[in-house]
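Colleague: I have just opened this model and would love a guided close look at one part of it. Could you pick a residue in the helical region and work outwards from there?

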Amino acid sequence: MENDVLNKHSNGYRLTKAMGFLVLICIGSYILVMGITSVKAQEWNSLESENFILNYLEYESDAEWFLEQLIYASQVVQSVYPHTLNTKIIVYLHLSPNEIVPDWFTTVCIGNTLHFITPTVGKEHGGPWVDDMWYQSAIIHEYVHVPFWSEINYNPPGWFSQGLAEYIPNFRANIVDTLEKSQWSIEQISNKVKTGDGYLQYITPDIYWGGAYLVKYMYEEYGQNAVVRLIRSDATSFSQALNNELNVTAREFEDKWLRWACNEFGADYELYNLTQLEPEPEPEPEPEPEEPESIDPILITWQEIYDDLITQPDDFIRTFFEDRISAYGIDNWSTNIPDQLKPQFWDLYRDTAITEPLEPEPEPYPIEELSEELILVFNILDNVVAELIVGADDMDSKMDVLETNSNETNERITQLENEISRLENTILYVFIATAVILTACIAFFMKKARS
Ligand SMILES: [Zn+2]
């Protein structure tokens, strides 16, 4: 009994426990289902442009502003680092940190997809430095990664990829105050260079600002095309790419960097034992060879001719010019006369000697000759046209003959067809008549035989 009670109690206990679990499972499932549906209910909205698909949940005005900034970023990057995008860049504006975007102020690039916290929320929670300019800079930064990683074939040093992504927004984009806000970071690099720690091993660990200055150095020392070639190089390592595309060894790359950095930050070259790399003094420009003062004998001769000419009577001067014109032509009679003296000869030509034209002004076109030639051409054309007309008439008459012939042939064919059908009818009539006569004969003979 007691056992029974205990068993019953025990059974009841188990039942209650099972029911409890069931309720728990039901509640759990309910919560789970509601959770999933509520997540699904958060549908992404999207804005699309030529190069971007921008996905956002709320804050439509954020999305519109963001798309404008993306388009600006694309233009800026294209002007510094020309590239083609294989696909549209997909952008997500999250409302809070999550497994993709771990912080309020973190931005992420994965392949051709960029993730940000939507600006309204990011500016509220991300920290005092997160403002519109911070977003503009971050958008360009993340954008740069997309073409860079799609084009690069070797494993680049971190400072190259992050440096390019920082160099463009900070030094090549038109974002207000961006350098001022980064003063502290810039000073770190500047101080290293100024205190003799400007070597790559001390600069490159700061992959963002160290990288930005190294990329600035590459753009200024080797040029934009060289940097783009460096990114696209088919070399298998960075140092090989430096060798192939910039034509320098890693050592030369560093030495040139040190010299550039000393110049950029106003540091002392002597810190780096760069004497052998000091820019060679610009060679003194060769002094322009002075015009020799010696007097040109030709000039003297022509001056004498002129001096003599102006003392002569007009007829003499006229003859002088006529001779030259007949020798060189009306426009080139002053050929051979030194340039310095040409004006005075021309003055003489116009004022003194030439009271009327030396030769009649040549007609721009010899109209009569031209019209004769034209008449000739027209005559030829007339003949050609006439022949064409005759040919066409001839063709017409031949066509007429052909048409007549074909009409006659058709008539003959019709006649023959009529004759054939008449013959056919005759044969038919003969056949029927024969059959009738034959039947009559048979009937006649049968009747006769019976009787
Ligand atoms: Zn980056």
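Modeller: Happy to. Let's start at N170, which is in contact with T178, L179, S182 and A212 once its neighbours within four places in sequence are set aside. Please keep in mind throughout that this is a predicted model. N170 sits in helix α5, which covers residues 158-172. Is N170 buried or exposed? N170 counts as buried, because it has 23 C-beta neighbours inside 10 Å and the cut-off for buried is 20 or more. There is also a link back along the chain: I140 is 30 residues away from N170 in sequence, yet their C-alpha atoms are 9.6 Å apart.

One of those contacts, A212, leads us to the next helix. The axes of α5 and α9 come within 7 Å of each other and cross at roughly 75 degrees. That angle falls in the range of 65 to 115 degrees, so α5 is roughly perpendicular to α9. On the α5 side, the contact is made by W159, F160, Q162, G163, L164, E166, Y167, N170 and F171. From α9 come W209, G210, G211, A212, L214, V215 and K216. By type, the residues of this contact divide into nine nonpolar, five polar and two charged.

Now to α9 itself, residues 209-222. Its 14 residues should span 20 Å at 1.5 Å a residue, and its end C-alpha atoms are 19 Å apart, which agrees. The buried residues of α9 are W209, G210, G211, A212, Y213, L214, V215, Y217 and M218. Which elements cover them? The cover includes α5, α7, α8, α10 (224-232) and α12. Just after α9 comes G223, with a positive phi near 95 degrees.

From α9 we can step across to α12. The axes of these two helices come within 10 Å and cross at roughly 95 degrees, so α9 is roughly perpendicular to α12. The α9 residues in this contact are L214, Y217, E220 and E221, and they meet K256, W257, W260 and A261 of α12. Five residues of the contact are nonpolar, none is polar and three are charged. L214 is worth a pause in your viewer: L214 takes part in the contact of α9 with α5 and also in the contact of α9 with α12.

Helix α12 runs over residues 250-265. Its 16 residues reach 22 Å from the first C-alpha to the last, close to the 22 Å expected at 1.5 Å a residue. Within α12, F253, W257, L258, A261 and C262 are buried. Why do these five belong together? They cover an arc of only 165 degrees around the axis, which puts them on the same side of α12. The spacing makes sense in general terms: an α-helix has 3.6 residues a turn, so residues three or four places apart point the same way. The cover over the buried residues of α12 includes α7 (183-194), α8 (200-203), α9 and α11 (238-246).

Both sides of α12 along the chain have a residue with a positive phi. After the helix comes G266, where phi is near 65 degrees. Before it, in the loop between α11 and α12, you will find N247. Phi of N247 is near 60 degrees, a positive value in a residue that is not glycine. Most residues other than glycine have a negative phi. N247 is exposed, because 10 other C-beta atoms lie within 10 Å and the limit for exposed is 12 or fewer.

N336 offers a companion case. N336 lies in the loop between α14 (314-328) and α15 (342-353), and its phi is positive, about 85 degrees, although N336 is not a glycine. With 11 C-beta neighbours inside 10 Å, N336 counts as exposed too.

To place all this in the whole chain: the protein has 16 helices and five strands, and buried residues make up 18% of its 451 residues. Among contacts with a separation of 6 or more, 59% join residues 24 or more positions apart. The pairing of N170 with A212 is one you can find on screen as you rotate the model.

Note on methods
Residues are numbered from 1 along each chain as its sequence is written. This is a predicted model: local features need pLDDT of at least 70, side-chain atom pairs count only at pLDDT 80 or more; totals for chains, interfaces and linings use all residues. Helices (H or I, at least four residues) and strands (E, at least two) are DSSP runs, numbered from the N terminus. Two residues are in contact if their C-beta atoms, placed from the backbone, lie within 7 Å. The expected span of a helix is 1.5 Å times one less than its number of residues. The arc is that of the directions from the helix axis to the C-beta atoms. Axes are lines fitted to C-alpha atoms, for helices over the stretch in contact, and angles run from 0 to 180 degrees between N-to-C directions. Angles under 35 degrees count as roughly parallel, over 145 as roughly antiparallel, 65 to 115 as roughly perpendicular and the rest as oblique. Ala, Val, Leu, Ile, Met, Phe, Trp, Tyr, Cys and Pro count as nonpolar, Asp, Glu, Lys and Arg as charged, and the others, Gly among them, as polar.
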